[in-house]
Amino acid sequence: MRYIEIYDTTLRDGAQAEGVSFSLHDKCCLAERLASLGFNYVEGGYPASNEKDHAFFQRMANRQFPHTRISAFGMTRRKNCAVAEDSGLRALLDSNASVITLVGKTSHFQAVDILRVSEEENLCMIRESVEFLVANGRDVIFDAEHFFDGWAENPEYTLRCLRAAKDAGAKTLVLCDTNGGSLPERIFDATKSVVDALGASVGIHCHNDCDLAVANSLAAVEAGADQVQGCINGFGERCGNANLISIIANLALKKGYDLLLPGATTALTELSRYVYEMVNINAPANLPYVGKSAFAHKGGMHVSAIARNSKSYEHISPSLVGNESRVLVSELSGRSNIMALAEKHHISNDPKLLEKILARVVSHENYGYAYEAAAGSFDLLVKKCSGTFTPHFDVLKYHINITGRSKEGASRIWTEAIVKIRIDDQIYYEVADGDGPVNALDAALRKALLKKYPSLERMHLLDYKVRVINSEAGTAAGVRVVIESRDEKDTWGTVGVSENVVEASWIALTDSVEYKLHKDE
């Protein structure tokens, strides 16, 4: 089967979803994660729109990925403006991105009635913008905005817009269902017409307003499109963009197309959950392929059948996407996952120890723990169950003082942490200030430990997320805190759960330090 390019726009189009926001660190980490799986393009944002996107391209400028190119997004020149004087196009060049994704109007209605330009001026805007970027050494992907609506109302003009971009040097013409209102048969017919008429590389970009973005994307590929754009988990404005997780699984496992790096589909579940954790949103359990419930079985007849043959109620093997079968309200839930993770501790052949780990995980998960983004805490859990865990320090006391002062309408908060620990037979008592309770506790704990463990100087806290577990309990609800840390070699996550956010943070923080010290050994 032919090769299909995968173009990810989570960091730009996905970030327009309500409640979704990426820090600069998030953007860089996700770009690297996608590159490791062989995504062909990662769209980093619109460099002229904000400082964060501009900084992202500066950080990525010197990064070289063997299979992935970082793309900057922008628009055709403004009407009645020379291309060389257009600030948006200059910002695209200044981003140093080797690929520019340029969006232009291809609907006669959108160009004439909304943009208020003539037919010819719109064609000039497309042609001149593409020519300008190509002349400056950039590969251009042209996103034909409102293509399918434009095709329905005036296919001749829409085709002229595409031909203008192609003749100007655009590498790929991407057909956009911008309003998300098309049906698969309409997508197929229009895409095939463009492929036949222009003989160009064609891509597809669908929105999910009719809950058909994945189906529409697959229809376009069947019609000849060789690039699919979308977002991880279907993030995006309004009802979202096409979900690349489902698209990749369907193209690779159901249709047999060649895409990404070999074995990349086995990382889809981890990738999906990683992004949900990154934006601090609960992943829906019923997500196709990668959801926690995607291969979960509760009915007695179903459980009995899959015990004989998993194909009876599973359309694929869950392992193909990195997921697992689950038998609900059973001691078997999670066994395969725990067994795989425990192999590195050389204990997978010990049934009693495996049952002990399983029981501990089930107990913790019932309390609110989740280990998808907390491999460091899981590693320590296995060590504790197997008897190989030796603490590097004992916590004797920790205390937080928060002082607020208001003067002449202005207020200020001071946070001070006190930590008392024992290392061997030595007692260490340290005090430190911080911008908040967690920062102060981190500072005080480090002051106490650095005397004995100087390697902690190279450990840094990258991210801190808090999630309410049982919101119906109001202010007495439990919270889960996930901390991401890194040193000069690795990145790891740890988790803590408590009704007290400070205690949950302390559990995750001390786990992070213990994981670092055990890892160094």
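**Overall fold and barrel of the predicted model**

Buried residues account for 51% of the 521 residues in the protein chain. The model is predicted. Burial is counted here as under 20% relative accessible area. About 23,700 Å² of the protein chain is exposed, and carbon and sulfur atoms supply 49% of that area.

The overall dimensions were examined next. The C-alpha trace of the protein chain spans about 80 × 70 × 45 Å along its principal axes. Its radius of gyration is 26 Å. A compact globule with 521 residues would have a value near 24 Å, so the protein chain agrees with that expectation. Contacts were then sorted by separation along the sequence. Of the contacts in the protein chain with a separation of 6 or more, 68% join residues 24 or more positions apart.

The secondary structure comprises 17 helices and 16 strands in the protein chain. Among the strands, 8 form a closed barrel. The barrel order is 1-2-3-4-5-6-7-8, and the pairing is parallel. From one strand to the next, the twist averages 25 degrees. Strands of a sheet pair through backbone hydrogen bonds, and this pairing can be parallel or antiparallel.

One pairing within the barrel illustrates the arrangement. Strand 2 covers residues 41-45, and strand 3 covers residues 69-75. These two strands run parallel and are joined by 4 bridges. At the residue level, Glu43 has Ser71 of strand 3 as its bridge partner.

How values were computed
Residues numbered from 1 in each chain as written. Predicted model: local features only at pLDDT ≥ 70, side-chain atom pairs only at ≥ 80, totals over all residues. Heavy atoms only, no water. Pairing = 2+ DSSP bridges. Axes fitted to C-alpha atoms, helices over the stretch in contact; angles between N-to-C directions. Rg over C-alpha atoms; globule rule 2.2 N^0.38 Å. Buried < 20%, exposed > 50% of the residue type's maximum accessible area, 1.4 Å probe, protein only. Contact = heavy atoms within 4.5 Å. Areas by Shrake-Rupley, 256 points an atom, 1.4 Å probe, with all protein chains shown as cover.
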